[in-house]
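Biologist: I'm new to this one. Could you take a single part and walk me through it closely, then show me how the rest fits around it?

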Amino acid sequence: MSTFRPVIRMNSLVENDTAAAEYHKHLSPFQMEKFTYMFDSLFDLDKNLLLEEADIHALVSKMKTYCKWDDNDEKYQYIKDVHKVFYECLQDQVRSEKAASAQAEEIKTWEEALKVKKIDVSQITLRQWLNMWGRLCYRASGLNDFPIWVQLLPKIFFEIIDQDKDGILEKSEYERFYREFVAVPSTELQKVVDEGYRAMTADGEYTFDLEHYGFCFANFLLGRSIYGPGKYIFGVFDNSDINQTFKVNYNEEDEED
Ligand SMILES: [Ca+2]
Ligand SMILES: [Ca+2]
């Protein structure tokens, strides 16, 4: 387990972190593909190539519709609160990154530091998003190495997918999630459900509970190659191995082939 890496906050601005804009280089091409997909399909719902507060509202609203929550539902309120925190943390990350990369060398006084606080983070670009994930994934080896607001993501998606609330993700629940939430094309759906569910449960060897889903989600974030169960978390990545000889690697070291 690698050392815990805390969320970068404003007090980190004193560091001369000019490499901040280059953090995406820590991601493999397949990780870039996954995080780009996450940005495009899950977060940038109005497709203006920017992540804004309106996108977060749209995502929460989509979850509400999927789960048939009403406005007063406790779960809906909880998910809303979590996403609010998620978005604020995301802005914090980007603010730190922008400030560190653009102005770290120039900050000499409190007045200048306060100006940095006013950096506009209402629009987050794909590149900033990738730099953020590059920074977060760098040297991380499991979910516990990420800040809490990232660790909450699998919990939220698990809650969304587990419609009968029995604490297990059944194949039919995952199929509905792929079909209605992620919108996997109907021509691909059955193949992706069959292979995805098989890969994520290791052919039924693992109970698909929250702990195991968290493990697969970590593999989604950290898996550097197409081999591994994590790519099926949202179901629509490079599936060229589906028709190849069965191969699933669970260890990061095994994936560097
Ligand atoms: Ca947008
Ligand atoms: Ca269930």
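Modeller: I'll start at the calcium site, move to the helices beside it, and finish with a few single residues.

First, some ground rules: this is a predicted model, in which local features need pLDDT of at least 70 and side-chain atom pairs count only at pLDDT 80 or more, while totals for chains, interfaces and linings use all residues. Residues are numbered from 1 along each chain as its sequence is written, chains are lettered from A and ligands numbered from 1 in the order in which they are written, and side-chain values use heavy atoms, with hydrogens and water left out.

Now the calcium ion (ligand 2). Its coordination comes from Asp162 (OD), Asp164 (OD), Asp166 (OD), Ile168 (O), Glu170 (OE), and Glu173 (OE) listed twice, at 2.2 to 2.5 Å. Donors here are N, O and S atoms within 2.8 Å of the metal, or 3.2 Å for Na, K and Ca; water is not among the atoms, so sites may look incomplete. Read the donor residues of the calcium ion (ligand 2) off the sequence and you get the spacing D-x1-D-x1-D-x1-I-x1-E-x2-E. Two of the donors sit in rather unlike surroundings: Asp162 is buried, at 5% relative accessible area, whereas Asp166 is partly exposed, at 39%. (Buried means under 20% relative accessible area, exposed over 50%, and partly exposed in between, using a 1.4 Å probe and protein chains only.)

Next, the helices. Helix α6 covers residues 148–161 and helix α7 covers residues 171–182. The names come from DSSP runs numbered from the N terminus: helices are H or I runs of at least four residues, and strands are E runs of at least two. Two packed helices are described by the angle between their axes and the distance between the axes. For α6 and α7 that gives about 100° and 9 Å, so the pair is roughly perpendicular. On α6 the contact uses Phe157, Ile160 and Ile161, and on α7 it uses Glu173, Tyr174, Phe177 and Phe181. Contact means heavy atoms within 4.5 Å. Sorted by class, that makes 6 nonpolar, no polar and 1 charged residues. The classes go like this: Ala, Val, Leu, Ile, Met, Phe, Trp, Tyr, Cys and Pro are nonpolar, Asp, Glu, Lys and Arg are charged, and the others, Gly among them, are polar. Notice Glu173 in that contact; Glu173 is also a donor to the calcium ion (ligand 2).

Helix α6 has another partner. Helix α2 (residues 53–67) packs with α6 at an angle of about 30°, their axes 10 Å apart, so α2 is roughly parallel to α6. Met63, Tyr66 and Cys67 of α2 meet Ile156, Phe157 and Ile160 of α6, a set with 6 nonpolar, no polar and no charged residues. As for the geometry, axes are lines fitted to C-alpha atoms, for helices over the stretch in contact, and angles run from 0 to 180 degrees between N-to-C directions. Angles under 35 degrees count as roughly parallel, over 145 as roughly antiparallel, 65 to 115 as roughly perpendicular, and the rest as oblique.

Helix α3 (residues 74–103) holds His83. His83 is buried, at 3% relative accessibility. Leaving aside its neighbours within four places in sequence, His83 touches Ile56, Leu59, Val60, Met63 and Ile156. Both Met63 and Ile156 also appear in the contact of α2 with α6. Lys98 is in α3 as well, but this residue is partly exposed, at 25%.

A couple of loop residues are worth a look too. Most residues other than glycine have a negative phi, and most peptide bonds are trans. Lys68, in the loop between α2 and α3, has a positive phi of about 55° and is exposed, at 69%. Leu49, in the loop between α1 and β1, has a phi near 65° and is exposed, at 61%.

Stepping back, the protein chain has 9 helices and 2 strands, in the order α-β-α-α-α-β-α-α-α-α-α. Of its 257 residues, 51% count as buried.
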